[in-house]
Amino acid sequence: MTSFSPFKMLPLLLPAAFLIIPVVLWFPQHRELLDSAYLYTFKTGFIGVLLEALPFVLAGALLSSVIGVFVPDETITRWIPRRVLPALLFACLLGVIFPICECGMIPLVRRLLRKGMPLHVGIAFILSGPILNPIVFSATLTAFRSHPGLAYARMGLAFAVSLIIGLIVYTTVKRSPLRLSMQRGDEELHHEGLNGGKLAAVFTHAADDFFEMGKYLIFGCLLTSLIQTFVVQSSLASIGGRPLGSYLFMMGFAFILSLCSTSDAFVASSFAHSFPSGSLLAFMVLGPMLDFKNAMMLMSLFKTRFALYLFFLIASTVFTGAILLSGWL
């Protein structure tokens, strides 16, 4: 069992480290900004988004660790129906029972694929699991208190995209796209607690997951607060006023930020006054399915050709679905 180290907190300080050079070189000539409205706006926005999101990230890390330690992978594979459509429906709804964020979804599905889970079922689970769970739904509903329809639209679009892509993969992919160099892991999370106790394993892995996700969350909150503070609102409004540009901007923004699905709704809500609801929906659905860190993990799991094919399916399906739902929102 891995032991928790205080050094795991260091990645949380990584975003602040990038600010050292600008602070040293630029602030001495612009000390008036320390007392300006810009700094107050930045601090208020950053702390507000961070404090709202942290409880959901912590809850997701704890539940993910409990599942990893106490639920054997074989239990899930035994539940998979044999027929294609029921199996995909089962995979899309599996996140409701096992609320695992995208940070732990790919390693889990990798183990399940080794144990015999069909590829199309694994893909549907990877895409739907980080969104279709009660923690993400409650976080989205909290972030959009004045517009709860976005929370329901997020669940519906994530379900539809996962189901459609699962069917496409089942129909078009006949050979295993798994990399031959993928090695079998030598230990399972639920076995790691034998030496130090399962409860200790839960808290250890929860701490690991929390600090792993925390650096992405802080970086996302930092970047979002900087954009909201220093980017001219008329510029954001001009992007948001372009139907195609707003969708592409928010989808690219989701890919770069790599936020956890339990916290991205709070970031999206900060753009509610500048961007249309459809582009915010695309941001919240694409991010958990395809962001920078997930793309790297998928490239290590699948062959390059299949990974790029999957990236195209995700982006095009989310884009089309968000546009279709924008009229209802």
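Helix α13 and helix α15 are the pair I would like to begin with, and in this predicted model the two are roughly parallel to each other, because their axes pack at an angle of about 30 degrees, which falls under the 35 degrees that count as roughly parallel. For orientation, α13 covers residues 243–257 and α15 covers residues 277–289, and the distance between their axes is 8 Å. The two helices cross in a right-handed sense. From the side of α13, the residues taking part are S246, Y247, M250, M251, F253, A254 and L257, and they meet G278, S279, L280, A282, F283, L286 and G287 of α15. Sorted by character, that contact holds ten nonpolar residues and four polar ones, with no charged residue among them.

Let me stay with α15 for a moment and look at two of its residues. S279, which is found in this helix, has a relative accessibility of 0% and therefore counts as buried. Leaving aside residues up to four places away in sequence, S279 touches S246, Y247 and M250, and those three residues are among the ones that α13 brings to the contact with α15.

V285 also has its place in α15, and here too the relative accessibility is 0%, so V285 counts as buried. What does V285 touch, once residues up to four places away in sequence are set aside? The partners are I131, R154, L157, A158 and V318. As for α13, the C-alpha atoms of V285 and M251 lie 8.9 Å apart in space, although the two residues are 34 apart in sequence.

One of the partners of V285 is L157, and that residue takes us to helix α9, residues 149–172, in which L157 lies. Is L157 buried or exposed? With a relative accessibility of 4%, L157 counts as buried, because the cut-off for being buried is under 20%. Its contacts, again without residues up to four places away in sequence, are L281, V285, V318, G321, A322 and L325. If you would like to follow one of these on the screen, take L281, which is 124 residues from L157 along the chain, while the C-alpha atoms of the two are separated by 8.5 Å.

Helix α9 in turn has a contact with helix α7. The axes of α7 and α9 come within 8 Å and cross at roughly 155 degrees. That angle makes α7 roughly antiparallel to α9, since angles over 145 degrees are described in that way. The crossing of α7 past α9 is right-handed. In this contact, L119, H120, I123, A124, L127 and S128 of α7 meet S162, I165, G166, V169 and Y170 of α9. These residues divide into seven nonpolar and four polar, with no charged ones.

A further partner of α7 is helix α5, and here I would ask you to compare the angle with the one I have just described. The axes of α5, residues 84–97, and α7, residues 119–128, come within 8 Å and cross at roughly 30 degrees. This makes α5 roughly parallel to α7. The passage of α5 across α7 is a right-handed crossing. On the α5 side the contact is formed by V84, A87, L88, A91, C92, L94 and G95, which meet H120, V121, A124, F125 and S128 of α7. Of the residues in this contact, nine are nonpolar and three are polar, and none is charged.

How many of the residues of α7 are buried? Ten of the ten are, so α7 is largely enclosed by the rest of the structure. The buried residues include H120, A124 and S128, and these three have a part in the contact with α9 as well as in the contact with α5.

Finally, let me step back to the protein as a whole. Its secondary structure comes to 17 helices and zero strands. Of its 329 residues, 49% are buried. Among contacts between residues at least 6 apart in sequence, 84% join residues that are at least 24 apart, and the pair of L157 and L281 is one example of a contact between residues far along the chain from each other, at 124 residues. The protein exposes about 15900 Å², and carbon and sulfur atoms supply 69% of that area.

Conventions. Residues numbered from 1 in each chain as written. Predicted model: local features only at pLDDT ≥ 70, side-chain atom pairs only at ≥ 80, totals over all residues. Heavy atoms only, no water. Axes fitted to C-alpha atoms, helices over the stretch in contact; angles between N-to-C directions. Helix = DSSP H or I, 4+ residues; strand = E, 2+ residues; numbered from the N terminus. Parallel < 35°, antiparallel > 145°, perpendicular 65-115°, else oblique. Left-handed = near helix turned anticlockwise from the far one by under 90°. Contact = heavy atoms within 4.5 Å. Nonpolar A, V, L, I, M, F, W, Y, C, P; charged D, E, K, R; others polar. Buried < 20%, exposed > 50% of the residue type's maximum accessible area, 1.4 Å probe, protein only. Areas by Shrake-Rupley, 256 points an atom, 1.4 Å probe, with all protein chains shown as cover.
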